[in-house]
Amino acid sequence: MRILLVEDDEMFGEATKAGLEQEAYAVDWATEIETAKAALTSYDYDIVLLDIGLPDGEGTSLLKELRGQRNGVPVVIMTARDALSDKITGLDTGADDYLVKPFDLDELYARIRAISRRKDRASIASGIVCGDLRLDPGSLKAWHNNLLIDLGPKEFRILQHLIEKVGKIVQKEKLQEMLYSWDHEIESNAIEVHMHRIRKKLGKDTIKTIRGVGYMIEEKRK
Ligand code: CA
């Protein structure tokens, strides 16, 4: 999952990005509306976390512009404690949710999970089930034939994405975009290395390689 964080506060932005990266989300951090706009035209984000007071304008004007372009990317507004009018304007402009600053990172994770559940009906509250696999995005834990398997956070996100797209080919580039932000150097074989580890833990037939294109989990597993 790739997240665009639009926040001009250095400390707050850094802490939020670091926290999200620990949960294996790829986070691009923009401190101005102009940078955010450029990012939104270059990448396909799963969620935008949007501050209101930004050096080159109001976050809500960016949101308005996005909705005007029929861009439905889920947006979570981040507002100060007492700025009730921001919340109302944000929701009226088409925000999906809002968080009151300062917020607990756990609350942010929960909101993100809720948004991805709404976005993708493959995820249900009790976890994601696909054949003999079960994933719990809340704890990043996975079970294969009811046995807990030890997946790293990035391995978990890859498997989760492939399950959510079961029966469809997922391009290698999409997985890279999902896992690594723009400030991250990616080894050209990074995804292959993750795949190798996942297959070692789940058996080599779990994920099919579509040569030169990407990967998929076949529908029959569902
Ligand atoms: Ca601000």
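Buried means under 20% relative accessible area, exposed over 50%, and partly exposed in between. The structure used in these exercises is a predicted model.

**Exercise 1. Arg-70**

Locate Arg-70, classify its accessibility, and describe its phi.

*Solution.*
- Step 1. Find the place. Arg-70 sits in the loop between helix H3 (59-68) and strand E6 (75-80).
- Step 2. Apply the cut-off. Arg-70 has 79% relative accessibility, so it counts as exposed.
- Step 3. Look at the backbone. Phi of Arg-70 is near 60°, a positive value in a residue other than glycine.
- Step 4. Set this against the general rule. Most residues other than glycine have a negative phi.

**Exercise 2. Asn-145**

Work through Asn-145 in the manner of Arg-70: place, accessibility, phi.

*Solution.*
- Step 1. Asn-145 belongs to the loop between strand E10 (141-144) and strand E11 (147-149).
- Step 2. Its relative accessible area is 49%, so Asn-145 is partly exposed.
- Step 3. Phi of Asn-145 is positive, about 50°, although the residue is not a glycine.

**Exercise 3. A cis peptide bond**

Which residues does the cis peptide bond at Pro-102 join, and where does Pro-102 lie?

*Solution.*
- Step 1. The bond joins Lys-101 and Pro-102.
- Step 2. Check the angle: omega is about -5°.
- Step 3. Place the proline. Pro-102 is in the loop between strand E7 (97-101) and helix H5 (105-119).
- Step 4. Recall the general case: most peptide bonds are trans.

**Exercise 4. The calcium ion**

Name the residues that coordinate the calcium ion, then say which parts of the chain Asp-8 and Gly-53 tie together.

*Solution.*
- Step 1. List the donors. They are Asp-8 (OD), Asp-51 (OD) and Gly-53 (O), at 2.2 to 2.4 Å.
- Step 2. Write the spacing of the donor residues in sequence: D-x42-D-x1-G.
- Step 3. Place the pair. Asp-8 lies in the loop between strand E1 (2-6) and helix H1 (10-22), and Gly-53 lies in strand E4 (residues 53-54), so the pair ties together parts that are 45 residues apart in sequence.
- Step 4. Classify both. Asp-8 is partly exposed at 31% relative accessibility. Gly-53 is partly exposed too, with a relative accessible area of 43%.

**Exercise 5. Two domains**

Describe how domain 1 and domain 2 meet.

*Solution.*
- Step 1. Set the bounds. The domain assignment gives domain 1 (2-119) and domain 2 (128-216).
- Step 2. Take the distance. Their C-alpha centres lie 26 Å apart.
- Step 3. Count the residues in the contact: 18 from domain 1 and 14 from domain 2.
- Step 4. Size the interface. The size is often given as the accessible area lost when the parts come together. Domain 1 and domain 2 bury about 1300 Å² between them. Of this area, 49% is on carbon and sulfur atoms.
- Step 5. Count the polar links. Between the domains there is one salt bridge. Asp-183 forms a salt bridge with Lys-17, and their closest N and O atoms are 3.2 Å apart. Eight residue pairs are in polar contact between the domains.
- Step 6. Name the elements. On the side of domain 1 that touches domain 2, E1, H1 and strand E2 (26-30) give two or more residues. E2 gives the most to that side, with five residues.

**Exercise 6. Two polar side chains**

What do the side chains of Thr-206 and Asp-46 reach, and are these residues buried or exposed?

*Solution.*
- Step 1. Thr-206 is in the loop between helix H8 (190-202) and strand E13 (208-210). Thr-206 has a relative accessible area of 5%, so it is buried.
- Step 2. Its side chain reaches the backbone oxygen of Leu-202 at 2.9 Å. A polar atom of that side chain also lies 3.0 Å from the backbone oxygen of Gly-203.
- Step 3. Asp-46 is in the loop between helix H2 (33-42) and strand E3 (47-51). At 14% relative accessibility, Asp-46 counts as buried.
- Step 4. A polar atom of the Asp-46 side chain lies 2.7 Å from the backbone nitrogen of Arg-2.

**Exercise 7. Thr-93**

Which residues is Thr-93 in contact with, leaving aside its neighbours within four places in sequence?

*Solution.*
- Step 1. Thr-93 lies in helix H4 (residues 84-93).
- Step 2. Its relative accessible area is 13%, so Thr-93 is buried.
- Step 3. With those neighbours left aside, its contacts are Thr-60, Leu-63, Lys-64 and Arg-67.
- Step 4. Compare sequence with space for Arg-67. Thr-93 and Arg-67 are 26 residues apart in sequence and 7.8 Å apart in space, C-alpha to C-alpha.

Notes. Residues numbered from 1 in each chain as written. Predicted model: local features only at pLDDT ≥ 70, side-chain atom pairs only at ≥ 80, totals over all residues. Heavy atoms only, no water. Donors = N, O, S within 2.8 Å, 3.2 Å for Na, K, Ca; no water. Helix = DSSP H or I, 4+ residues; strand = E, 2+ residues; numbered from the N terminus. Buried < 20%, exposed > 50% of the residue type's maximum accessible area, 1.4 Å probe, protein only. Domains from an automatic or database assignment. Buried area = accessible area lost by both parts, 1.4 Å probe. Salt bridge = Lys/Arg side-chain N within 4 Å of Asp/Glu carboxyl O. Polar contact = N/O pair within 3.5 Å; in protein donor to acceptor, adjacent residues only side chain to side chain. Contact = heavy atoms within 4.5 Å.
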